[in-house]
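Q: Hey, I've just opened this one and don't know my way around yet. Can you walk me through it?

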Amino acid sequence: MDINSIDWRPQLGNKTDYGIGFVGCGGIVQYAHIPAYQKAGFRMVAAYDIKRESAEKVAELTGTARVCESLDELLADPAVDIVDIAVMPWAQLDVVRQVAAAGKHMLCQKPLSDDFGQATQIVELARLAGVKQAVNHQMRWDSGIAASKIMIERGMIGTPTDAQIQVSSATPWHMWPWLATAPRLEVQYHSIHYIDSMRFLFGSPEWVTSRHAKYAGQGDVRAETKTITVFDYASGLQALVAVNHYNMHAEASAIFRFLGTEGAIEGTIGLMYNYPSGRPDTLRYSQKDQPPVDLPLDEFWIPDAFVGPMAGLMQAIETDTLPATDTADNLNTLRLIEAAYLSAAEHRSVRPSEIGA
């Protein structure tokens, strides 16, 4: 099978001119959403933030969006078809309530909420309003993960037997001062990417076992910064997510390895090398008695993968189907997050079905 035939890039629908209005105009919108949407040719029409200067910056960067004085003003704009929400998780429910009442489709930030019950309310609000609602789990479109998904579905590694994502880096927490006081940190705001990617690739596990720790020198940072999480599947597959954010002296490392009965996929997560500038992912495919083959990858997780969730939402609107990262399905990722915290707190393995039962 020709590895170069794998088209891992985000796919656009036939209609891509839906008007996008930003609610929350902070750094991630400025350095990830906007350049990705500009690359895809998406139409950005409005911006609102409680800090007007942030909305003005977004308007400047897009060259097309107008600054709105209130959320109500943005929602009343007929040019806004999709609301791109990028607010703190504890503020998202209130925004979603207003967006749903206005009958607008929406792309939510992840995690949907820092409370599982509120996350279910967010999903229900969209269902009752009859609007499409996706969540911005863009790592599914990161080139290494997207290519691996295609290869696994094509049977190129046979039956999956082992999966690993391991990251060891020095994370610049100063970029997000609010995380220093958060009661949850690493799993909820970082490993959530890897956990969702594992579920995307292999489905939900039977059991979750997670252990959390702090680095002795993390200072005022309140919550966990080193974690190990293991998923056990009924098939015998085991998946490992191991992350250390305080690799202060050794070379950074960010790898993924997906092994099966017929082959193996190995690569690197380029963003985590010299974050936030990063580099493209790498991917190597191996089979027994065959020379390994490299798949050339030339895009970045940030910003390129951010095309994917919005493109998937647009396709869902166009075809009246579920978005690729539909929020109702995303509750299953949040169950894994909650299970990881419960496992760490109670020092036991947890079934995801225990969450929200």
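A: Sure, we can start with the overall build and then look at a few spots in the loops. Keep in mind that this is a predicted model.

Q: Okay, how many helices and strands does the protein have?
A: There are 9 helices and 14 strands.

Q: And why does the protein count as compact as a globular protein of its length?
A: Its radius of gyration is 20 Å, and the globule rule gives 21 Å for 357 residues; the two are close, so the protein is as compact as a globular protein of that length.

Q: What box do the C-alpha atoms fill?
A: Roughly 60 × 45 × 40 Å, taken along the principal axes.

Q: How much of the protein is buried?
A: Buried residues make up 54% of the 357 residues.

Q: What about the outside, how much area does the protein expose?
A: About 14,800 Å², and carbon and sulfur atoms supply 51% of that.

Q: Now contacts: of those between residues at least 6 apart in sequence, what share joins residues at least 24 apart?
A: That share is 69%.

Q: Switching to charges, how many positive and negative side chains are there?
A: The protein has 29 positive and 42 negative side chains.

Q: And how far apart are the centres of those two sets?
A: They lie 2 Å apart.

Q: Let's get into the details. Which peptide bond leading to P276 is cis?
A: The one from Y275 to P276, with omega near 5°. P276 is found in the loop between strand 12 (264–268) and strand 13 (282–286).

Q: What's going on with N274 in that loop?
A: N274 also lies between strand 12 and strand 13. Its phi is near 60°, a positive value in a residue other than glycine.

Q: Is N274 buried or exposed?
A: Exposed: its relative accessibility is 60%, and the cut-off for exposed is over 50%.

Q: Moving along, what is the peptide bond from I302 to P303 like?
A: That bond is cis, with omega near 10°. P303 sits in the loop between strand 14 (293–294) and helix 8 (307–319).

Q: And after helix 8, where does D320 lie?
A: D320 is in the loop between helix 8 and helix 9 (327–346).

Q: What's its phi?
A: D320 has a positive phi of about 55°, although it is not a glycine.

Q: Last one: is D320 buried or exposed?
A: D320 is exposed, with a relative accessible area of 60%.

Key:
Residues are numbered from 1 along each chain as its sequence is written. This is a predicted model: local features need pLDDT of at least 70, side-chain atom pairs count only at pLDDT 80 or more; totals for chains, interfaces and linings use all residues. Side-chain values use heavy atoms; hydrogens and water are left out. Helices (H or I, at least four residues) and strands (E, at least two) are DSSP runs, numbered from the N terminus. The radius of gyration is taken over C-alpha atoms; the globule rule is 2.2 Å times the number of residues to the power 0.38. Buried means under 20% relative accessible area, exposed over 50%, partly exposed in between (1.4 Å probe, protein chains only). Contact means heavy atoms within 4.5 Å. Accessible areas come from the Shrake-Rupley method with a 1.4 Å probe; for residues, only the protein chains shown count as cover. Lys and Arg count as positive and Asp and Glu as negative; His and the chain ends are not counted. The place of a charge is taken as NZ of Lys, CZ of Arg, CG of Asp or CD of Glu.
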